[in-house]
Amino acid sequence: MTSVPQLTEDEVRSWFESELPIEDFSGKKVLLIVPDATRTAPMPLLFDCVHSKLSPHASRMDVIFALGTHQPMPETQMMSLLGMTAEDRSTKYRDVKLMNHHWDRDDALSTIGELSPEETEKISDGLLSMNVPIQINRCIHDYDILLVLGPVFPHEVVGFSGGNKYFFPGISGPKLLNFFHWLGALITNVGIIGVKKTPVREVVDLAATRIPVERRAITFVVASDGTTNLHGLFYGTPEDAWSRAADVSSLTHIKRLDKPFQTVLSCSPKMYDELWTAGKCMYKLEPVVADGGELIIYAPHLREISVTHDKTIREIGYHCRDYFIKQWDQFKHLPWGVLAHSTHVRGSGTFENGVENCRVKVTLASQVPPEECEAINLGYRNPDDINIEDYANREDEGVLLVRKAGEQLYRLAE
């Protein structure tokens, strides 16, 4: 990783004063699209800055959380993420509407176009050819401008997160989400994560051009030291602001190591409260696990596989991509986004003559009991038997400890 200067709070506030143009928002109804609790970000500071700058000039300013398929949040949690006190809510922010996104409610969605078979075939280089409806939260039609406010990190499905990804899947319907998540799975996590130009990013950006409302974005890059400090802020179209942030993220969020490791202890932060999100502890470290090695997702706080997708995950388990491809008729009717999640958590491997051979062993050390781990094709360790410090400073022995996993990408030096 390259050292990039961090911004002080005063520098952040100064950036908003000088770089966020009032004329883009004056007299307009603004919908601010922000991340949920699964992203590290100084949202109280950033929300205060953007609201203070724009609210005196915009005719309205509301907030929607880009949940994708994550669970809706109570208003108290939304307030906490934005740094609102109860007094703030009844005074300074009394006119701000706080909204969850409901991806699974037809009445909450609007179809704004489609991707044609010709477009999907061209973008995917022939991997997929199909008609894909483009659905998005219908509330966008109530606003004059959509403003994304979100971080950029290496990402297992799209290459780098952020930008137009806050529309798709952030506030979109399931059909496009399932399509491009499976496209990412076909390319594989290792083949796509930390790559700036990807077919999935092209899908997301193309779909965003069909949004019939003006779009802007404030993107930022969170420091690689585990804090919420920032390396940079960027404003512009979602495409341009994302591109500049992705360039900084590629310098600060990718750690290159000289050799692979036989054992990796990947510690999940508490913001990942189900395996659906804690799987990032595998995604970001798969490239540096040696063939036949073991990656342990250490998450003693975790009790759920997935609140939303639990039934499907328990039905299919966790498997490599080829397990599904070579038995496609058996699985094609299931949500492709869940199939993609399964392959990303389990990693690369082969499926020949009915036998699956995964490259690495993936072990879950959480409150999910051993029999459930076995049923979904994951290893189990009792988290109470793990002392994190036993894994520290043992790189020469082929053991790697990552104390806060899920956002920094680890790759081999070549």
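Student: Which residue forms a salt bridge with arginine 89?

Tutor: Please note at the outset that this is a predicted model. In general, side chains of opposite charge can pair when their charged atoms come close. Here arginine 89 pairs with glutamate 75, and the closest N and O atoms are 3.0 Å apart. The two residues belong to distant parts of the chain, 14 residues apart: arginine 89 lies in helix α4 (residues 86–90) and glutamate 75 in helix α3 (residues 75–82).

Student: Is arginine 89 buried or exposed?

Tutor: Arginine 89 counts as buried because its relative accessibility is 16%, and buried means under 20%. Its partner, glutamate 75, has a relative accessibility of 35% and therefore counts as partly exposed.

Student: How many salt bridges does the model contain?

Tutor: The count comes to 26 salt bridges. One of them joins the side chains of arginine 13 and aspartate 48, at 2.9 Å from N to O. This pair also links distant parts of the chain, with arginine 13 in helix α1 (residues 9–19) and aspartate 48 in helix α2 (residues 43–54), 35 residues apart. Arginine 13 is partly exposed, with a relative accessible area of 32%, whereas aspartate 48 is buried at 16%.

Student: Which residues are linked with Arg13 and Asp48 in a network of salt bridges?

Tutor: Glu9 and Lys92 join Arg13 and Asp48 in that network.

Student: What partner does aspartate 322 have in a salt bridge?

Tutor: Aspartate 322 pairs with arginine 321, the closest N and O atoms being 3.0 Å apart. Aspartate 322 is buried, with a relative accessible area of 13%, while arginine 321 is partly exposed at 27%.

Student: I should like to return to helix α1. Which residues of α1 are buried?

Tutor: The general idea is that an α-helix has 3.6 residues a turn, so residues three or four places apart point the same way. In α1, the residues Val12, Trp15 and Phe16 are buried. Viewed down the axis of α1, the buried residues fall within an arc of 95°, so they line one face of the helix.

Student: Which exposed residues does the face of α1 turned away from its buried side carry?

Tutor: That face carries Asp10, Glu17 and Ser18.

Student: What do the buried residues of α1 pack against?

Tutor: They pack against helix α2 and against two strands, β9 (214–222) and β10 (230–236). Helix α1 thus meets α2 in two ways: through the packing of its buried residues, and through the salt bridge of arginine 13 with aspartate 48.

Terms used
Residues numbered from 1 in each chain as written. Predicted model: local features only at pLDDT ≥ 70, side-chain atom pairs only at ≥ 80, totals over all residues. Heavy atoms only, no water. Salt bridge = Lys/Arg side-chain N within 4 Å of Asp/Glu carboxyl O. Helix = DSSP H or I, 4+ residues; strand = E, 2+ residues; numbered from the N terminus. Buried < 20%, exposed > 50% of the residue type's maximum accessible area, 1.4 Å probe, protein only. Arc of directions from axis to C-beta. Contact = heavy atoms within 4.5 Å.
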